[in-house]
Amino acid sequence: MNHTVDILSDPDLWHNITANTTSSYTPIMPSVMEKITDIVLTIVLFITMVSLGCTMEMSKIKHHIMKPKGVVIAVLSQYGIMPLTAFCLTKVFQLGETVSVVVLICGCCPGGTLSNIFTLALQGDMNLSIVMTSCSTLLALGMMPLLLYLYCQGLSNIQSTVPYVEIIVSLVLILVPCGIGILINTYRPQYSKIITKVGLSLMMVFTLVIAIVTATVNKSVILTVVSPILLAIAALMPLIGYSFGYVISAIFRLNQAERRTVSMETGCQNVPLCTTILKIAFSQEVMGPLFLFPMVYGSFQLLEAVTLIVLFRCYQRFTRKEKETYQPGVTGEELKETPKGTV
């Protein structure tokens with residue numbers, strides 16, 4: 001199979017047709033800058049995964065393992081809804097094989113650390129959130145390759161496009177810093193909060209810097225990533241995840257805090273992990289600027305989550321005011337029962 005897919009002339013980015021070209025994509029980013037970007041991205045992911053590991057507490061994980069209802073529902077939502085959503089969107093929009101693989105990898109990724117922040121803002125179950133993020137990250141080693149293999153069977157001529165070995169190697173390397181974080185939290189818990197705060201801050205800053213630098217260098221082809229179809233997919237995926245995560249947890253009668261947690265954990269994907277896999281597993285000639293798609297997805301993921309948080313906070317304030325405004329009147333019988341000398 002010819003892996004030199006021309007991203008710019010791939011018509012499925014602009015029209016609903018299934019076509020791929022075989023001309024060569026010429027990398028615009030200089031090789032030195034490309035290597036620097038890859039190294040920085042790997043370091044950022046390493047720090048992020050150590051930070052994620054620092055939020056994992058074995059006692060909480062054991063508690064949810066002993067009572068696994070919430071975790072099972074959450075993990076099934078994560079690895080059931082998002083990959084299926086990604087697959088359906090590739091079919092609906094009739095994407096070509098390279099773009100389909102990008103969308104599927106994004107959909108099959110585990111939950112990210114942002115979901116913990118969103119859960120906190122929504123007053124969800126933080127223990128469930130952290131355990132679900134931990135479990136989905138650990139399960140990714142087996143679930144991601146398996147789901148990609150299964151869903152690729154439904155897409156013609158795509159099976160040979162997915163570099164399964166490279167993806168598995170990437171996941172193994174990513175679980176190592178996660179394990180380091182768990183060890184730090186177990187034996188040196190006093191450093192966990194500091195590492196987590198620093199890690200999340202560095203992740204946000206460097207992700208933004210990498211996105212700006214890459215977009216500046218590849219400005220002539222950046223329209224590929226912000227095409228109407230890919231923008232629609234990036235907007236729909238997290239929205240569907242948030243919605244169905246809440247609905248499924250409601251069907252299984254989880255409490256309100258757990259429903260909000262499952263919703264956030266389902267719709268939030270690990271964007272740095274997805275970006276790194278695309279950079280490591282695929283050559284620049286094959287991927288072109290499409291490795292920026294997870295960042296576009298992440299932008300919609302953040303925007304939609306913030307919107308839900310604002311709506312939730314407004315609802316809370318409205319209902320609180322309504323309760324404070326409404327005060328039942330005192331009946332005659334209650335006045336008679338009031339002891340003398342009281343007001």
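# Helix packing and burial in a predicted model

Me: Does α9 pass α10 in a left-handed or a right-handed crossing?
Reply: In this predicted model, α9 and α10 are two helices, residues 228-251 and residues 256-267. The hand of the way α9 passes α10 is right-handed.

Me: Which residues of α10 make the contact with α9?
Reply: A contact has two sides, and both can be named here. On the side of α9 stand Pro238, Gly241, Tyr242, Gly245, Tyr246, Ser249 and Ala250. On the side of α10 stand Gln256, Arg259, Arg260, Val262, Ser263, Met264, Thr266 and Gly267.

Me: At what angle do α9 and α10 pack, and how far apart are their axes?
Reply: Two packed helices are described by an angle between their axes and a distance between the axes, so both values are needed. For α9 and α10 the angle is about 150°. Their axes are apart by 7 Å.

Me: How do the axes of α3 and α9 cross, and within what distance do they come?
Reply: Helix α9 also packs with α3, and α3 passes α9 in a right-handed crossing. Residues of α3 in the contact include Ile73, Met82 and Leu89, and those of α9 include Ile233, Gly241 and Ser249. The axes cross at roughly 145° and come within 9 Å.

Me: How many helices and how many strands does the protein have?
Reply: Read along the sequence, the pattern of the protein is α-α-α-α-α-α-α-α-α-α-α-α-α-α. The secondary structure therefore shows helices and no strands, and the totals are 14 helices and 0 strands.

Me: What percentage of the residues count as buried?
Reply: A residue counts as buried when its relative accessible area is under 20%. The protein has 343 residues. The share of them that counts as buried is 48%.

Me: What part of the accessible surface belongs to carbon and sulfur atoms?
Reply: The accessible surface of the protein comes to about 16800 Å². Of this area, the part that belongs to carbon and sulfur atoms is 69%.

Me: Among contacts between residues at least 6 apart in sequence, what percentage join residues at least 24 apart?
Reply: One pair separated by 24 residues along the chain is Gly107 and Pro83. Among contacts in the protein between residues at least 6 apart in sequence, those joining residues at least 24 apart make up 82%.

Me: Is Gly107 buried or exposed, and which residues does it touch?
Reply: Gly107 is found in helix α4. Its relative accessibility is 0%, so Gly107 counts as buried. The C-alpha atom of Gly107 is separated by 4.6 Å from that of Pro83. Leaving aside residues up to four places away in sequence, Gly107 touches Met82, Pro83, Ala86, Met237 and Gln269.

Me: How many of the 11 residues of helix α11 are buried?
Reply: Helix α11 covers residues 271-281. Its buried residues include Val271, Cys274, Ile277 and Ala281. The helix is largely enclosed by the rest of the structure, because its buried residues number 10 of the 11.

Me: How far apart in space are Ile277 and Cys109, C-alpha to C-alpha?
Reply: Ile277 is found in helix α11. Its relative accessibility is 0%, so Ile277 counts as buried. In sequence, Ile277 and Cys109 are 168 residues apart. In space, C-alpha to C-alpha, the two are apart by 9.8 Å.

Me: What is the distance in space between Ile182 and Val50, C-alpha to C-alpha?
Reply: Ile182 is placed in helix α7, residues 164-187. At 17% relative accessibility, Ile182 is under the 20% cut-off and so counts as buried. Ile182 and Val50 are 132 residues apart in sequence, and their C-alpha atoms are apart in space by 7.8 Å.

Me: Which residues form a nonpolar patch on the surface with Val209?
Reply: Val209 is found in helix α8, residues 192-217. With a relative accessible area of 42%, Val209 is partly exposed. The patch has about 300 Å² of accessible area together. The residues that form it with Val209 are Val205, Phe206 and Val213.

Me: What is phi of Gln94, and what is phi of Gln123?
Reply: Gln94 lies in the loop between α3 and α4, and Gln123 is found in the loop between α5 and α6. Gln94 is partly exposed at 32% relative accessibility, and Gln123 is partly exposed at 39%. Each has a positive phi in a residue other than glycine. For Gln94 the value is near 50°, and for Gln123 it is near 55°.

Technical notes. Residues numbered from 1 in each chain as written. Predicted model: local features only at pLDDT ≥ 70, side-chain atom pairs only at ≥ 80, totals over all residues. Heavy atoms only, no water. Patch = residues over 30% accessible without salt bridge, like charges linked within 9 Å, V, L, I, M, F, W, Y side chains within 5 Å. Areas by Shrake-Rupley, 256 points an atom, 1.4 Å probe, with all protein chains shown as cover. Salt bridge = Lys/Arg side-chain N within 4 Å of Asp/Glu carboxyl O. Helix = DSSP H or I, 4+ residues; strand = E, 2+ residues; numbered from the N terminus. Buried < 20%, exposed > 50% of the residue type's maximum accessible area, 1.4 Å probe, protein only. Axes fitted to C-alpha atoms, helices over the stretch in contact; angles between N-to-C directions. Left-handed = near helix turned anticlockwise from the far one by under 90°. Contact = heavy atoms within 4.5 Å.
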